[in-house]
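Student: I have a structure in front of me and would like to learn how to read it. Could you walk me through a few features?

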Amino acid sequence: MKIVAAIDSFKGSISSLEAGDAVSSGFRSVNNSAEVVVCPLADGGEGTVEALAEGMNGRLYPITVTGPLGTPVSCTYAVIEETMTAVIEMSGAAGITLIPKDDLDPLHATTYGVGEVIIDAIDKGCRRFIIGIGGSATNDGGAGMLQALGYGLLDEKGDQIPRGAIGLKDLKTIDEDGVIPELKECQFMIACDVTNPLCGPNGCSVIYGPQKGATPSMIEDMDRWLNRYASICHDIKEDADMQYPGTGAAGGMGYAFKTFTNATLKPGIDIVIEETRLEDYIQDADLVVTGEGMLDHQTAMGKAPIGVARLAKKYNKKVIAFAGAVKRDAEECNKNGIDAFFPIVRGITTLEEAMNPQNAKDNLTATAKQVMRLIMAYYEVGVKSSF
């Protein structure tokens, strides 16, 4: 029996590969002839760097860069040395979790540190990039990142505009003379799971500004400044399109990547599936296993386990999922390719106890054992074709 296990990390508890290994251990303790292939899984958000580094023999590099409010932060990214691909989560340098809730300030939050991470990876020889752009604290249209890469975002005096969204109100022109030459050699795969345009009623300022601390007046100002920014960008990049789906991601960072780099914006799970060659493994599998920390209706809206399930259904494979917890509305997952799911908690417990890494692994292994016992029982009565 060939089984592919591609399970997302249980956030705050265990990694993707730890989850897969725990399930593999449970399966093989019942059926030691089972061939279980554990693949890393992530959706471009938190945990992507760790998952791809661990699952693809990557190396982690912690570096100090400019944080969203200008103070230094440590950001860890990965390099997959076989392809010299850098895997970066922009939230590590400009994420909302880096700022206390009371200090959120989208007018001054900058993406400069993201550009610094890219430069560090370029200096190490990387020319391929996977960058997840979820969880930002910024609304600067990627201006800070562009400045770090050598673009001149200049005011009427020819000086660099201040960092943060507020700097865009002074923007008069964009100069490309100082851009690092290696940038034109780079390919960027941007993990982008939203389709918002840059500006307007569905743009980044209106939709995501409030959660970053923006007041109604700030939202109005930032949307207007981004509109002007897009107009200036269009003067030097004729194919710039502020309505392109995803350009509003990460406070407009999607727009900066699409306009100024060789970038493709696509769902994070699609990028991870391609990079890990998950489809090649699934084609030959008898059973596909996926999961994440919490299964609910949001999972069914396209999160990583559903990406796995949809791919498996392309080849008519049965799919089961394990989860730390399951909400009542998780049955939506059954309508989107997951044939059956199993919560792993085995009794009344606190959240802290359930998320303890060793407890989570033990619970996964124990639940996987019981599922394999059921599978083996079906084999014994001659319904192997069900799997």
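Tutor: We will look at a helix, a pocket and a single tyrosine. Keep in mind that this is a predicted model.

Student: Let's start with helix H11. Is H11 mostly covered or mostly open, and how many of its residues are buried?

Tutor: A general idea helps here: an α-helix has 3.6 residues a turn, so residues three or four places apart point the same way. Helix H11 spans residues 304–314 and is mostly covered, with 8 of its 11 residues buried. Among them are Ala304, Ile306, Val308 and Leu311.

Student: What covers the buried residues of H11?

Tutor: The cover includes strands E1, E11 and E12, along with helices H9 and H10. After H11 comes asparagine 316, which has a positive phi, near 55°.

Student: Now the second largest pocket. What is its volume, and which residues are closest to its centre?

Tutor: The volume is about 260 Å³. Of the 15 lining residues, Gly55, Met56, Glu275, Thr276 and Arg277 are closest to the centre. Strand E2 gives the most to this lining, with 3 residues, and helix H9 supplies at least two. By kind, the lining has 7 nonpolar, 4 polar and 4 charged residues.

Student: And why is tyrosine 379 called partly exposed?

Tutor: Buried means under 20% relative accessible area and exposed means over 50%. Tyrosine 379 has 22%, so it counts as partly exposed. Tyrosine 379 sits in helix H13, residues 357–380. Its C-alpha atom is separated by 33 Å from that of alanine 51, 328 residues apart along the chain.

Methods:
Residues are numbered from 1 along each chain as its sequence is written. This is a predicted model: local features need pLDDT of at least 70, side-chain atom pairs count only at pLDDT 80 or more; totals for chains, interfaces and linings use all residues. Side-chain values use heavy atoms; hydrogens and water are left out. On a 1 Å grid over the protein atoms alone, a cavity is a set of points where a 1.4 Å probe fits but cannot get out, and a pocket is an open set with protein on both sides within 12 Å along at least five of seven lines; lining residues have an atom within 4 Å of a point. Grid points are joined across faces, edges and corners, and a volume is the space filled by probe spheres set on the points. Helices (H or I, at least four residues) and strands (E, at least two) are DSSP runs, numbered from the N terminus. Ala, Val, Leu, Ile, Met, Phe, Trp, Tyr, Cys and Pro count as nonpolar, Asp, Glu, Lys and Arg as charged, and the others, Gly among them, as polar. Buried means under 20% relative accessible area, exposed over 50%, partly exposed in between (1.4 Å probe, protein chains only). Contact means heavy atoms within 4.5 Å.
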